Amino acid sequence: MSGSRSVPVVRCGTKPPAVWRRELAEVLISKARIARRVAHLAQEVQRDLGKQELVVVALLNGTVLFLADLIRHLSVPMRLDFIGVSSYGNGRSSGNLTFTKELRLDVKGRQVLLVDDILDTGRTLGEVRRRLLKLRPASLRICVFLSKPSRGQGRIEADYTGFQIPDQFVVGYGMDFAERYRNLPFVGVLKPKALPGSAVRA
Ligand code: PRP
């Protein structure tokens, strides 16, 4: 469905604030740009889902900032639940999926909006979607803040996407490296020296 919607493509950013300059190469998406886009995404969701009650299922941990901003803009009646799932090890590449929290709400016959921070290889959302569909929701839509289109041929598509970004290691706005940087109000690109395989580790 995202193919029919216009998704902003981010190619390069701006200089990071001085305090982050040692660790971040650039600010890819500013706080103000995030705020505008998230409000717009919420409008798209609201238009499609009307007034029926929604079950929002968010994936822990990276989704917390995006989720909090997104649902503040939604005025549909909703219930909220979380699934804990982790794919990244203490580094860059996806490892095996580990589920740390199961869904508690019953989604059978419900409209479900599955929310995640980033669609990278698509393995996480693909597996979660497969599990949720077994619970027979009335509908299941996927909303992601970021997508890296270059990372997956034939991977799953989100119905709502905040931004398309290049294949760079991004942190901030909920996203981490070794559990750091989640609190940054913008999306930044980590300098290569901080990534696994280099002499300096986070
Ligand atoms: C990240 C991110 C997505 C997933 C994307 O989660 O939050 O859920 O990886 O990668 P994929 O498309 O290649 O599967 P992570 O496992 O790092 O856990 P976190 O949300 O706690 O940071």
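# Salt bridges, odd backbone spots and a helix crossing

Visitor: Which residue does E127 meet in a salt bridge?
Guide: Keep in mind that this is a predicted model. In it, the side chain of E127 makes a salt bridge at 2.8 Å, N to O. Its partner sits three residues away in helix α3 (residues 123-134), so about one helical turn separates the two. That partner is partly exposed, at 41% relative accessible area, and its name is R130.

Visitor: How many salt bridges does a search of the whole structure find?
Guide: Side chains of opposite charge can pair when their charged atoms come close. Here the pair E127 and R130 is one case, and E53, R79 and R110 are linked in a network of such bridges. Searching the whole structure, you get 10.

Visitor: How many residues apart in sequence are the parts tied together by K148 and D167?
Guide: The side chains of K148 and D167 meet in a salt bridge, 3.6 Å from N to O. K148 belongs to the loop between β6 (139-147) and β7 (160-164), while D167 belongs to the loop between β7 and β8 (170-171), so the pair ties together parts whose separation in sequence is 19 residues.

Visitor: Is K148 buried or exposed?
Guide: Let's look at both ends of that bridge. D167 has 35% relative accessibility, which makes it partly exposed. K148 has a relative accessible area of 4%, and the cut-off for buried is under 20%. So K148 is buried.

Visitor: Which residue pairs with D176 in a salt bridge?
Guide: D176 itself is partly exposed, with a relative accessible area of 23%. The residue it pairs with is buried, at 17%. The bridge spans 3.5 Å, N to O, and the partner is R182.

Visitor: Where is the residue N61 found?
Guide: N61 is worth a look for its backbone. Most residues other than glycine have a negative phi, and most peptide bonds are trans. The bond from L60 to N61 is cis, with omega near 0°. As for its place, N61 is in the loop between β2 (54-60) and α2 (64-72).

Visitor: What is the phi of E179 near?
Guide: E179 lies in the loop between β8 and β9, and A178 is found in the loop between β8 and β9 (187-190) too. A178 has a positive phi of about 50° although it is not a glycine. E179 also isn't a glycine, yet its phi is positive, near 70°.

Visitor: Is E179 buried or exposed?
Guide: A178 is partly exposed, with a relative accessible area of 26%. For E179 the value is 52%, and the cut-off for exposed is over 50%. That makes E179 exposed.

Visitor: At what angle do the axes of α1 and α2 cross?
Guide: Helix α1 covers residues 31-49, and its axis and that of α2 come within 8 Å. The crossing makes α1 oblique to α2, and it is right-handed. The angle is roughly 60°.

Visitor: How many residues of the contact of α1 with α2 are nonpolar?
Guide: On the α1 side you'll find V38, L41 and A42, and they meet F66, D69 and L70 in α2. Asp counts as charged, and the contact has one charged residue and no polar ones. The nonpolar residues number five.

Technical notes. Residues numbered from 1 in each chain as written. Predicted model: local features only at pLDDT ≥ 70, side-chain atom pairs only at ≥ 80, totals over all residues. Heavy atoms only, no water. Salt bridge = Lys/Arg side-chain N within 4 Å of Asp/Glu carboxyl O. Helix = DSSP H or I, 4+ residues; strand = E, 2+ residues; numbered from the N terminus. Buried < 20%, exposed > 50% of the residue type's maximum accessible area, 1.4 Å probe, protein only. Axes fitted to C-alpha atoms, helices over the stretch in contact; angles between N-to-C directions. Parallel < 35°, antiparallel > 145°, perpendicular 65-115°, else oblique. Left-handed = near helix turned anticlockwise from the far one by under 90°. Contact = heavy atoms within 4.5 Å.
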